[in-house]
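Below is a short report on one model. Please look over the sequence and the fold before reading on.

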Amino acid sequence: MKKSQITPFGWAIKRRLAELEVDQKTFCEQNDIPQARLSDMIRGRRKAKHYRMQVIELLNLHEYDES
């Protein structure tokens with residue numbers, strides 16, 4: 001099975017986490033976000049609107065706000 005490609009929003013998340021020097025697991029634990037949801041957002045497999053808005057706010061990625 002081929003892995004899903006990382007979306008532009010996913011790369012923005014990864015870039016911002018790297019800037020903050022925090023890994024995905026730690027970020028999720030600190031902000032009560034299921035790791036699977038963050039992974040789904042990074043790869044575009046699910047919208048996860050509630051968590052998407054939380055990630056946008058926490059990482060200051062407002063250019064990806066679709067509301």
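The report covers salt bridges and then helix packing.

This is a predicted model. Residue numbers follow the written sequence, starting from 1.

**Salt bridges**

The count comes to three salt bridges. The table lists each pair with its N to O distance.

| Pair | N to O distance |
|---|---|
| R16 and E19 | 3.0 Å |
| D40 and R37 | 3.5 Å |
| D40 and R45 | 3.1 Å |

Take the pair in helix 1 to begin with. Helix 1 spans residues 8-19, and R16 and E19 sit three residues apart in it. That spacing amounts to about one helical turn. An α-helix has 3.6 residues a turn, so residues three or four places apart point the same way. Side chains of opposite charge can pair when their charged atoms come close. In the model, the side chains of R16 and E19 do meet, at 3.0 Å from N to O. How exposed are the two partners? R16 is partly exposed, because its relative accessibility of 25% lies between the 20% and 50% cut-offs. E19 has 54% and counts as exposed, because the cut-off is over 50%.

The other two bridges share D40. R37, D40 and R45 are linked in a network of salt bridges. D40 and R37 both belong to helix 3, residues 35-43. They are three residues apart, again about one turn of the helix. Their side chains meet at 3.5 Å. D40 also bridges to R45, with the closest N and O atoms 3.1 Å apart.

Is D40 buried or exposed? D40 is buried: its relative accessible area is 11%, and buried means under 20%. Its two partners are classed otherwise. R37 is partly exposed at 22% relative accessibility. R45 is partly exposed as well, at 44%.

**Helix 3 and its neighbours**

Which residues of helix 3 are buried? They are L38, D40, M41 and I42. The buried residues of helix 3 pack against helix 1, helix 2 and helix 4, the last of these being residues 49-59. D40 therefore has two roles to note: it is buried at 11%, and it belongs to the salt-bridge network with R37 and R45.

Helix 2 covers residues 24-31. The axes of helix 2 and helix 3 come within 9 Å and cross at roughly 125°. The two helices are therefore oblique to each other. Their crossing is right-handed. On the helix 2 side, the contact involves Q24, K25, F27, C28 and E29. On the helix 3 side, it involves Q35, L38 and I42. By class, this contact of helix 2 with helix 3 has four nonpolar, two polar and two charged residues.

Helix 1 also meets helix 3. Their axes come within 6 Å and cross at roughly 125°. Helix 1 and helix 3 are therefore oblique too. F9, G10, I13 and K14 of helix 1 meet L38, M41 and I42 of helix 3. The residues in this contact of helix 1 with helix 3 divide into five nonpolar, one polar and one charged.

L38 and I42 appear in the contact with helix 2. L38 and I42 also appear in the contact with helix 1. Both are among the buried residues of helix 3.

**After helix 3**

What follows helix 3? The next residue is G44, with a positive phi near 70°.

Key. Predicted model: local features only at pLDDT ≥ 70, side-chain atom pairs only at ≥ 80, totals over all residues. Heavy atoms only, no water. Salt bridge = Lys/Arg side-chain N within 4 Å of Asp/Glu carboxyl O. Helix = DSSP H or I, 4+ residues; strand = E, 2+ residues; numbered from the N terminus. Buried < 20%, exposed > 50% of the residue type's maximum accessible area, 1.4 Å probe, protein only. Axes fitted to C-alpha atoms, helices over the stretch in contact; angles between N-to-C directions. Parallel < 35°, antiparallel > 145°, perpendicular 65-115°, else oblique. Left-handed = near helix turned anticlockwise from the far one by under 90°. Contact = heavy atoms within 4.5 Å. Nonpolar A, V, L, I, M, F, W, Y, C, P; charged D, E, K, R; others polar.
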